[in-house]
Amino acid sequence: MSFAPAAHHVHESAELCALRVDVRAFIRDEIASGGFVPAVDCWLNSWDAAFSRRLAARGWLGMTIPVEYGGHGRTFLERFVVTEELLAAGAPLAAHWISDRQIGPSLMKFGSEEQRRKLLPGIAAGEVFFAIGMSEPDSGSDLASVRTKAVKVDGGWQLTGSKIWTSGAHLSHYFIVLARSAPLDPEHRHAGLSQYIVALDAPGIEIRPIVSMNGHHHFNQVFFDGVFVPDAMLFGREGDGWKQVTSELSYERSGPERFLSTWPVLAEMAAATARGDLAPDPELGRMFARLMALHQMSLSVADALTNGRATDQEAAIVKVLGTATEGDIAELAGSTIGGGDASDGLARLRAMTATALLSRPGFTLRGGTNEILRGVIARGLGLR
Amino acid sequence: MDAPYRIDAQLEQTLEQVFSTAAGLQPGSTDLHFDRKLWATLADLGFTRLTSQATGATWIEAAGLLRAAARHAAAVPVAENDLLAGWLVERAGLPDEPALIRTACIADASGSATGVPWATEVDRIVVLWEAPDGWRVADVPRDDATISPGRDLAGRPTDDVRVDLARAASAAIPAACVREYDLRGALARAVQSTGAMDRMLALSSQYATERVQFGRALAKFQAIQHLVADIACETALATAAVDAAVFQMASGHGDLDWLELAVAIARSVVGHAASVTVRNAHQVHGAIGTTLEHRLHELTKPVLAWRTEFGSLREWDARLTDRIARAGSDPWSFGVRATRA
């Protein structure tokens with residue numbers, strides 16, 4: 001059995017604690033001055049470019065990007081602390097989420113010098129926002145089957161096809177596209193894929209909204225009709241697309257956005273219980289405990305990533321448990337509150353719960369379904 | 001960044017070796033009997049009083065010891081002797097004879113305590129009780145106590161004890177120690193449970209890989225993979241919660257409110273993890289796992305028994321609800337401290 005249990009307890013340093021204090025003070029000021037209203041699933045649904053720029057002004061975007069590229073040269077753990085505090089507060093993070101979480105670190109790892117100089121300063125300033133183009137209508141969890149084609153032409157590549165579930169593409173400046181740059185070899189399905197940085201205002205791009213069942217619009221389908229991408233915007237190495245998209249999955253899977261999407265619901269339930277508007281329910285304590293334990297696990301994965309240790313299993317575990325718990329909190333609220341009226345003090349909770357319940361199905365789907373992730377965990381256990 | 005805590009790899013290896021000699025159950029019996037041979041080995045190595053005898057060992061090492069013991073279903077009262085009774089003797093400044101084997105309990109005003117682990121098997125019972133002028137503690141020879149033997153659902157001796165409090169030589173002890181005693185007991189059970197879960201995971205993975213049905217190893221069925229994956233998930237989460245509480249305990253800063261929060265989180269997570277891990281481990285093993293001849297029950301039964309000690313799962317959940325509601329402010333800053341204790 002090759003499975004190593006995840007947990008090694010990480011105790012935060014005085015510096016990290018001080019950073020939490022700073023972020024909490026900023027959040028208090030923002031809420032007091034009407035800078036934002038705490039929301040459920042804020043990292044996907046709450047787009048506020050002005051808020052992103054206020055974070056940038058504090059040095060809290062592009063934190064891990066080196067100073068020479070306009071970033072702040074801080075550690076992954078420092079970024080973890082800042083994002084965790086902002087998520088718990090339900091702050092509007094959607095505008096910069098992808099560029100800050102994914103694109104910045106990916107550019108540092110795979111990007112060309114020219115790409116870094118061109119894009120990183122804007123990412124750290126909250127001026128350049130990204131979306132991601134991976135899934136296609138016929139390629140959901142099975143990414144190797146993508147059919148968007150990149151054909152080599154003079155001075156660049158020509159992209160044809162479409163990408164689906166691209167959150168925020170209608171508001172972003174760029175997106176990063178996984179496309180087939182060489183014909184499919186059934187023996188090596190993961191070969192022949194490449195990534196491209198595509199400007200979303202390029203000729204030949206059409207963005208069609210996909211409205212979610214809660215009425216929100218963050219998803220899109222993006223169509224390419226022979227879109228030209230210059231050679232300089234090939235991302236990483238030709239043919240290395242699969243390796244590149246899978247190499248950073250631990251960051252994407254283990255982060256605090258995988259267990260805090262409904263924290264504002266839990267906080268509101270606690271407040272309502274304190275006011276006497278809700279009867280004390282042990283289930284609330286149970287959910288709180290799970291999230292505190294997930295915080296510890298997620299922190300220990302962040303620490304492991306900082307120190308260059310591989311954590312695919314642990315990251316998958318955080319995501320399986322975290323996203324299920326987010327949904328369980330929505331369920332708990334949904335099964336606790338009745339129809340009621342404005343006089344019962346639960347209007348705010350009722351509104352949040354409606355959003356949470358309708359967002360819930362997405363929690364355990366996005367970023368790798370829980371069924372796929374259980375397979376990853378089972379592989380780590382030597383079962384497959 | 002502080003170094004993430006870990007127990008010394010060499011110590012971990014030694015513990016694993018020592019406990020792999022644990023006797024386990026007598027064939028055909030549901031009763032657990034004190035493994036005195038193993039105890040003698042542990043005593044020789046200084047493992048029977050790891051933390052309560054100025055060895056420099058902390059709860060971090062003790063947790064490693066308890067996990068190894070639980071992983072091998074060892075029938076030895078290490079938690080009771082060291083972390084509870086030994087600690088009380090030390091705190092109260094009672095005369096100590098480290099070779100004596102002890103358990104501990106809280107008695108009512110009449111000197112009665114129920115469900116005291118290992119009472120029939122030990123030399124001494126350290127008894128706490130609340131006298132009119134405050135809490136007292138006494139180190140009572142077992143033969144001075146009246147004991148009605150009993151067993152918990154894991155077959156471990158859990159006995160009813162009656163002590164003549166007036167005759168016992170006792171010392172005063174602060175009420176805070178009694179509160180800490182409860183938290184120590186609660187955490188010890190949580191630590192032990194994670195050890196047992198860890199082994200349940202190993203046994204389940206192994207069985208799924210070896211057992212062939214419909215021409216394939218069970219492990220090839222996705223439904224089975226997911227059952228085992230969920231054991232891994234819950235065990236990992238429980239271990240993370242327990243490690244955080246062990247860290248609080250080891251830091252010894254004496255903030256009992258903060259310690260209680262960490263222990264409550266651990267007990268809640270471990271208690272709910274027990275539901276999933278026990279159910280899934282048995283489901284993977286099929287009928288053979290429900291028999292006395294298969295080892296699995298030596299791991300699953302203690303987890304269910306430990307969950308009932310030092311507060312039920314529901315009580316811990318309710319305590320957390322109460323704490324976060326009383327905290328008033330945002331439960332986030334209440335749970336995730338931004339100041340170092």
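Reader: How many residue pairs in polar contact does the rule find across the interface of domain 1 of chain B and domain 2 of chain B?

Author: The rule finds 10 such pairs, both residues at pLDDT 80 or more. That confidence value is there because this is a predicted model. Helix H3 (59-71), helix H4 (78-92) and strand S1 (102-106) of chain B each bring at least two residues to the side of domain 1 that touches domain 2. That side has 21 nonpolar, 6 polar and 6 charged residues.

Reader: What makes Asp243(B) and Arg67(B) a salt bridge?

Author: The closest N and O atoms of Asp243(B) and Arg67(B) are 2.9 Å apart. The cut-off is 4 Å between a side-chain nitrogen of Lys or Arg and a carboxyl oxygen of Asp or Glu, so this pair qualifies. Across the interface of the two domains of chain B, the rule finds 5 salt bridges.

Reader: Where are those two domains in chain B?

Author: Domain 1 of chain B covers 9-173, and domain 2 of chain B covers 176-340. Their C-alpha centres lie 22 Å apart. In this interface, 33 residues of domain 1 are in contact with 35 residues of domain 2. About 3,000 Å² is buried between them, with 68% of it on carbon and sulfur atoms.

Reader: Now for the two chains. Why is the pair Arg314(B) and Glu283(A) called a salt bridge?

Author: The N to O distance between their side chains is 3.9 Å. The limit is 4 Å, so Arg314(B) and Glu283(A) count as a salt bridge. Between chain A and chain B there are 3 salt bridges and 7 residue pairs in polar contact, both residues at pLDDT 80 or more.

Reader: Which helix of chain A gives the largest share of the side that touches chain B?

Author: That is H10(A), with 15 residues. By class, this side of chain A has 34 nonpolar, 9 polar and 13 charged residues.

Reader: How many residues of each chain are in contact?

Author: For chain A the number is 56, and for chain B it is 53. The area buried between the chains is about 4,700 Å², and carbon and sulfur atoms give 72% of it. In chain A, the residues that lose the most area to chain B are His9(A), His11(A) and Leu383(A), together 16% of what that side buries.

Reader: What is the domain assignment of chain A?

Author: Chain A has domain 1 (14-128), domain 2 (132-241) and domain 3 (255-380). Contact between domain 1 and domain 2 of chain A takes 17 residues from each. These two domains bury about 1,400 Å² between them, with 71% from carbon and sulfur atoms. On the domain 1 side, Asn45(A), Trp47(A) and Gln115(A) lose the most area to domain 2, together 36% of what that side buries.

Reader: How many salt bridges are counted between domain 1 and domain 2 of chain A?

Author: The count is 0, while 2 residue pairs are in polar contact there, both residues at pLDDT 80 or more.

Reader: One last thing: what makes S6(A) and S7(A) a pair of strands?

Author: Strand S6 (residues 205-211) and strand S7 (residues 217-230) of chain A are joined by 7 bridges. Pairing needs at least two bridges, so these strands pair. They run antiparallel, and Arg208(A) has Gln221(A) in S7(A) as its bridge partner. The hairpin has 5 residues between the strands, and Gly215(A) takes a positive phi near 90 degrees in it.

Note on methods: Residues numbered from 1 in each chain as written. Chains lettered and ligands numbered in written order. Predicted model: local features only at pLDDT ≥ 70, side-chain atom pairs only at ≥ 80, totals over all residues. Heavy atoms only, no water. Domains from an automatic or database assignment. Contact = heavy atoms within 4.5 Å. Buried area = accessible area lost by both parts, 1.4 Å probe. Polar contact = N/O pair within 3.5 Å; in protein donor to acceptor, adjacent residues only side chain to side chain. Helix = DSSP H or I, 4+ residues; strand = E, 2+ residues; numbered from the N terminus. Nonpolar A, V, L, I, M, F, W, Y, C, P; charged D, E, K, R; others polar.
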